[in-house]
Amino acid sequence: MAIKTTVFSEYEVRELVVKLDTETCPIGCIGSLEEETEVIQITKKCRGVVAKKRTRGTGSGTLKLTAHMPRDLYNRLMAMKSDKLKPGVTAYGRSSVHPEFVLTGRVFDEDEKEKLKAWPVCVMNTGPASKVENGAEEVAELEVEIGFSPDENGFGHYECDLEDATEDVKNAWMESFTPELVKAAE
């Protein structure tokens, strides 16, 4: 396969969609999205000297997101409980188990070219946190850390180049991404 020479420099994340159970919720007010994938290093030594080294992906990693998020979505992702409490009250504690969710996104470069991204097995790595600065001139964004893991295909992160993508993938990616959607026919 020939290497494409077109450059795609990620410049702006315009939309993220969280798919939790069967519901989807868009996040459109995004400050930043930082991604880091994990790798393992395998070395082969010969007489005490490294003779060969390989780096392999694990399918896992971390996303750091700053955004303004719908409160109900935040509460559900953080497993903020409201059952057994009076209306309008939520709580976080020992019984709060963070649910798995799918996260998809639209990323653009400086020339308005679009790329789609997906993380099919996500869970919040941190609990609820906030910072309030009295007298601030800007409303603070939420900062959350999301862990992602590999799916049944062994992949934790997918990207889609829209120039080469099929219509079914383009149309279903954001709202109904699944590993099956992008798997090639055998």
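**Figure 1. How much of the protein is buried?** Of its 186 residues, 32% count as buried in this predicted model. The exposed surface comes to about 12500 Å², with carbon and sulfur atoms supplying 49% of that. Laid along the principal axes, the C-alpha atoms fill a box of roughly 65 × 45 × 40 Å.

**Figure 2. The run of elements, from the N terminus on.** Eight strands and three helices make up the list, and they come in the order β-β-β-β-α-β-β-β-β-α-α. If you look at contacts with a separation of 6 or more, 61% of them join residues 24 or more positions apart.

**Figure 3. Charges and salt bridges across the protein.** There are 24 positive and 34 negative charges here, and their mean positions sit 10 Å apart. The structure holds twelve salt bridges, and the next views zoom in on some of them.

**Figure 4. Glu10 meets Lys115.** These two side chains pair up in a salt bridge, at 2.7 Å from N to O. Glu10 belongs to the segment before β1 (12-20), while Lys115 is part of strand β6 (residues 114-124), so the bridge ties together parts 105 residues apart in sequence. How exposed or buried is each partner? Glu10 is partly exposed at 44% relative accessibility, whereas Lys115 is buried, at 12% relative accessible area.

**Figure 5. Arg76 meets Glu23.** Here the salt bridge spans 3.4 Å from N to O. Arg76 comes from helix α1 (residues 71-77) and Glu23 from strand β2 (residues 23-27), so this pair links a helix and a strand whose partners are 53 residues apart in sequence. Arg76 counts as partly exposed, with 29% relative accessibility. Glu23 is partly exposed too, and its relative accessible area is 47%.

**Figure 6. Lys117 meets Glu35.** The closest N and O atoms of this salt bridge are 3.0 Å apart. Which strands does the pair tie together? Lys117 lies in β6 and Glu35 in β3 (residues 29-46), so the bridge joins two strands through residues that are 82 positions apart in sequence. Lys117 is buried, with just 4% relative accessibility; Glu35, at 27%, counts as partly exposed.

**Figure 7. A network of salt bridges.** Pull back a little from the pairs and a linked group appears: Glu10, Glu35, Lys115, Lys117 and Glu159 belong to one network of salt bridges. Among its members are the Glu10 and Lys115 pair at 2.7 Å and the Lys117 and Glu35 pair at 3.0 Å. Both lysines in the network, Lys115 and Lys117, count as buried.

Methods:
Residues numbered from 1 in each chain as written. Predicted model: local features only at pLDDT ≥ 70, side-chain atom pairs only at ≥ 80, totals over all residues. Heavy atoms only, no water. Helix = DSSP H or I, 4+ residues; strand = E, 2+ residues; numbered from the N terminus. Buried < 20%, exposed > 50% of the residue type's maximum accessible area, 1.4 Å probe, protein only. Contact = heavy atoms within 4.5 Å. Areas by Shrake-Rupley, 256 points an atom, 1.4 Å probe, with all protein chains shown as cover. Lys, Arg positive; Asp, Glu negative; His and termini not counted. Charge placed at Lys NZ, Arg CZ, Asp CG, Glu CD. Salt bridge = Lys/Arg side-chain N within 4 Å of Asp/Glu carboxyl O.
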